[in-house]
Amino acid sequence: MFNTTLTKNYVKHILSAKSRHGTHSPFVYQLVDEVIYDFKDKPAYDKAENLRAALLKDERTIKVTDLGAGSHVNNQRTKKIKTIAKNALKPKKLAQLLYRLAKEFKPGTLLELGTCLGVTTAYFSEALPGSKIITMEGCPQTASVAKENWDKLSIQNIDVKVGNFDDTLAEVIEEQPKLDFVFIDGNHRKDATLNYFNLCLPKVHEDSVIVFDDIYWSKGMAQAWEHIKAHPDVTVTIDLFWIGLVFFRSGQAKQDFKIRF
């Protein structure tokens, strides 16, 4: 469901975005051609999509602790799991893109802010069976369902941290020697998003990737995205409307790309 801001921003994006053929950076062209536009079905998707299907039928009710900017769809505290699955899980197309990005960049450690019911985390685990995956969730009840789901899939390389990101993120980042791949899908407010980005900066490196979700979710998120693109440490960004990719590749001309997805 679109809100007015999202609809306006989507129209603007479609009118200005390019396909891979309008992209002159070899790095970005290859990424778009071989990873972003790789829409072929893969057997590796089956586990997570079977989990999604089960969650969409789950009639259990849990109390949701929402520490972020809430939901455009349903902001009630008590929700059925199937309702959360319908409204809050990443759509199949995006979740599978995140799988492909993780598989392409092969991070030794992946940090996810916003576990939800654990479907995207399961995609990351499938892409990176030998890597360490740290996922953070503000809602204890939701995290508990996610852990139950990973147990059903016999996933063992996920470490979940439960609590308010404002209280837990700095310590989690401090414990990491470096940040290889970060997916930020948490508190959808401008100041919080910029704070998460700034906390990550000391640990990023030449090959780091930070993926921001819902970069046009609100006026504040769009402003945060503009700040991030303008940061001097950022060399390349790829705006897919639903998510934004941020790179720190030295020797790369500073460029911002809008790509239709």
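Start by selecting helix α9 (residues 190-200) and helix α10 (residues 219-230) in this predicted model. The two helices pack with their axes 8 Å apart, at an angle of about 30°. Angles under 35 degrees count as roughly parallel, so α9 is roughly parallel to α10. Look along the pair: α9 passes α10 in a right-handed crossing.

Now show the side chains at this contact. From α9, pick Lys-190, Thr-193, Leu-194 and Phe-197. From α10, add Gly-220, Met-221, Gln-223, Ala-224, His-227 and Ile-228. What mix of nonpolar, polar and charged residues makes up the contact of α9 with α10? Five are nonpolar, four are polar and one is charged.

Next, move to strand β8 (residues 236-239). Which way do its residues point? Val-236 and Ile-238 point one way, and Thr-237 and Asp-239 point the other way. Each of these four residues is buried.

Keep β8 selected and add strand β9 (residues 243-247). The two strands pair in the antiparallel sense, over four bridges. Find Thr-237 of β8, and opposite stands Val-246 in β9. Then follow the chain round the turn. β8 and β9 form a hairpin, with three residues between them. Stop at Phe-241 in that turn, where phi is positive, at about 70°.

Last, add strand β10 (residues 255-258). How does β10 run relative to β8, parallel or antiparallel? The strands β8 and β10 run parallel, joined by four bridges. Finish on Asp-239 of β8: Lys-258 in β10 stands opposite.

How values were computed: Residues are numbered from 1 along each chain as its sequence is written. This is a predicted model: local features need pLDDT of at least 70, side-chain atom pairs count only at pLDDT 80 or more; totals for chains, interfaces and linings use all residues. Side-chain values use heavy atoms; hydrogens and water are left out. Buried means under 20% relative accessible area, exposed over 50%, partly exposed in between (1.4 Å probe, protein chains only). Two strands pair if DSSP finds at least two bridges between them. Axes are lines fitted to C-alpha atoms, for helices over the stretch in contact, and angles run from 0 to 180 degrees between N-to-C directions. Angles under 35 degrees count as roughly parallel, over 145 as roughly antiparallel, 65 to 115 as roughly perpendicular and the rest as oblique. A crossing is left-handed if the near helix is turned anticlockwise from the far one by less than a right angle, and right-handed if clockwise. Contact means heavy atoms within 4.5 Å. Ala, Val, Leu, Ile, Met, Phe, Trp, Tyr, Cys and Pro count as nonpolar, Asp, Glu, Lys and Arg as charged, and the others, Gly among them, as polar.
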